[in-house]
Every structure is written in C-alpha cells, then in structure tokens.
Amino acid sequence: MPTSETGPARPDRRPPPNGAAGAGTGASSRPAARVPIDRKRQPSGDEARERAMRAAISVIADKGTAALRMSDIAERAGMSTGHILYHFGKKDRLLLEVLAWSQADLWARFQQAADQAASPAEKLDLFVRFYLPRHQGDERYALWTQVLAQRHDEAGRHILTELLDGWDERLETIVREGRGLGHFADVDLPEFTIRAVAMLSGLSEDVMFGRSRWQHASAHAFALSALRRELDPVVPD
C-alpha cells in the first residue's frame, strides 16, 4: 500500500504505500505529546476531525489496531472520548476514515511535487518514493496493513478499492504522458501497472519486515531501475 514520502502512509491486492508510497508530514515516529483536555472548549468541525485523525495515526503506530481504544485517541488529541465517538461512532469506521484522510493528504503532496517535476521520468521517481515505506515501521504503511487485514462490509470494501485504484490511476497517468512524449516505451498499460504495483508491494513488505537485503541497499533505487528497464524506449538500429 502506498505510504508516505518525506516529507505519508503506511499502505495495499498489495498493500501499497510511502505508499505510498514517500515523505511524511504525518505522525512522527516519536510519540505525540498529549494535549490537556479543555472541556469548555472542545474543537469542532474540521479542526476536531484533523486533530483526531493525527492522534489516531500516532496511537496506532504505538499500539496497533487490536489494542486501540477510543479513549487513547481522545487523550492524545486533548478531546473527550464522547467527542471522538460523536465524530466516528466506532473503531472500524475510524480506521477507514483515518486511512482515507492520510491518503488524501499524501496524494495532495505527491501531486504538488509532480506538478513541479520537469519530466515523466521525474514523476515516476516521485511515485516510487511516495509509494514505498520510508523505513521499517512506517506509520502509514502499518495502518494500510492493519486495515486491509480486517473484515469489511460492502461500503468499507468500496472505500479501500477506491484508495488502491487511486495509485494505479496515478501511475497510469505518468506512463501515458511519457508514452505520448516518446520518453517511455509503448507498454501494455494495464499489464505494466499490475506488475509495477505488485513489485512495489513486495518491496514494501520487505522493508516493513526489516529484511537485511535493504539495510545496505536502496529499495527505491532497485524499484526505479526495474521500472525504467521496462519503460526505456527501444532505439531502432
């Protein structure tokens, strides 16, 4: 699954990524400071939801989803448990919403970086960076893994499918642009996307597991080299 690029998320049929997926302005690897609860002025609307989302990512990174309690999120967010329950209702819904929120945040930063890239090759580099975990234990990728392992109703599966398809669509857009400019070979786009995402997912799992092969080598460089070998246009003799 896609995770975060320096900068989210943890992530993905695969689990995608730093994801995505990359650079993260999401939860820090250091436990977040707990905010004292001021019951006279609880945050409302978007402010409350964002605070709860960030607190949830931080708590999940520390405890995982199985041990997650709404009261833990409330304490870390400086909100009442009732306020958290009001916004999210139950834990399964909270996890899906946190995942969707973190991916929207990651995609916004990916798009901002891609808009400044000078070529499709640079955009491909960014895609790989944002998709792969930044490190073993990447919070966003961990969230993807744990959410995908749960049972979901039809609505939940629809949300997850849209999130997974979102990364396929972004990769296809990059490759389509590169083909149009003659920078990339005329690959079969659906098949290439399946192979590319499957490889990135496998590498992501290796990184999250802490395989020794990536302690002194770059998973990003390996993946990018493999993709470029498929995409380099054939120069006629």
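This text walks through a predicted model of one protein chain, from its overall make-up to single residues.

The protein chain contains 9 helices and 1 strand. Read from the N terminus, the order of its elements is β-α-α-α-α-α-α-α-α-α, with the strand ahead of the helices. The chain has 237 residues, and buried residues make up 50% of them.

Helix 7 is a useful place to begin. This helix covers residues 154-181. Its 28 residues reach 40 Å from the first C-alpha to the last, close to the 40 Å expected at 1.5 Å a residue. Several residues of helix 7 are buried: Gly156, Leu160, Leu163, Leu164, Gly166, Trp167, Asp168, Leu171, Ile174, Val175 and Gly178. The cover over these buried residues includes helix 4 (91-115), helix 5, helix 6 (139-148), helix 8 (189-209) and helix 9. Among these covering elements, helix 4 and helix 6 also pack against each other, and helix 5 packs with helix 9.

Two packed helices are described by the angle between their axes and the distance between the axes. For helix 4 and helix 6, the angle is about 140° and the axes lie 10 Å apart. Angles over 145 degrees would count as roughly antiparallel and those from 65 to 115 as roughly perpendicular, so helix 4 and helix 6 are oblique to each other. The crossing of helix 4 with helix 6 is left-handed. On the helix 4 side, the contact is made by Leu95, Leu96, Val98, Leu99, Ser102, Gln103, Asp105, Leu106 and Arg109; on the helix 6 side, by Arg140, Leu143, Trp144 and Val147. Sorted by class, the residues of this contact of helix 4 with helix 6 are 8 nonpolar, 2 polar and 3 charged.

Ser102 is one of the helix 4 residues in that contact. Is Ser102 buried or exposed? Its relative accessibility is 0%, so Ser102 counts as buried. The C-alpha atom of Ser102 is separated by 8.2 Å from that of Met53, although the two residues are 49 residues apart along the chain.

The second pair is helix 5 (residues 120-131) and helix 9 (residues 219-231). Helix 5 and helix 9 pack at an angle of about 140°, and their axes are 10 Å apart. Helix 5 and helix 9 are therefore oblique to each other. Their crossing is right-handed. Helix 5 contributes Ala121, Leu124, Asp125, Val128 and Arg129 to the contact, while helix 9 contributes His220, Ala223, Leu224, Leu227, Arg228 and Leu231. The residues in the contact of helix 5 with helix 9 divide into 7 nonpolar, 1 polar and 3 charged.

Asp125 belongs to helix 5 and is one of the residues that make the contact with helix 9. Neighbours within four places in sequence aside, Asp125 touches His220, Leu224 and Arg228, and these three residues are among those that helix 9 brings to the contact. Asp125 has a relative accessible area of 18%, which is under the 20% cut-off, so Asp125 is buried.

Lys123 is also found in helix 5. At 17% relative accessibility, Lys123 falls under the 20% limit and therefore counts as buried. Which residues does Lys123 contact, leaving aside its neighbours within four places in sequence? They are Phe110, Ala114, Ala117, Ile174 and Glu177. One of them, Ile174, is listed among the buried residues of helix 7, and helix 5 is one of the elements that cover those residues.

Conventions:
Residues numbered from 1 in each chain as written. Predicted model: local features only at pLDDT ≥ 70, side-chain atom pairs only at ≥ 80, totals over all residues. Heavy atoms only, no water. Helix = DSSP H or I, 4+ residues; strand = E, 2+ residues; numbered from the N terminus. Buried < 20%, exposed > 50% of the residue type's maximum accessible area, 1.4 Å probe, protein only. Contact = heavy atoms within 4.5 Å. Axes fitted to C-alpha atoms, helices over the stretch in contact; angles between N-to-C directions. Parallel < 35°, antiparallel > 145°, perpendicular 65-115°, else oblique. Left-handed = near helix turned anticlockwise from the far one by under 90°. Nonpolar A, V, L, I, M, F, W, Y, C, P; charged D, E, K, R; others polar. Expected span 1.5 Å × (residues − 1).
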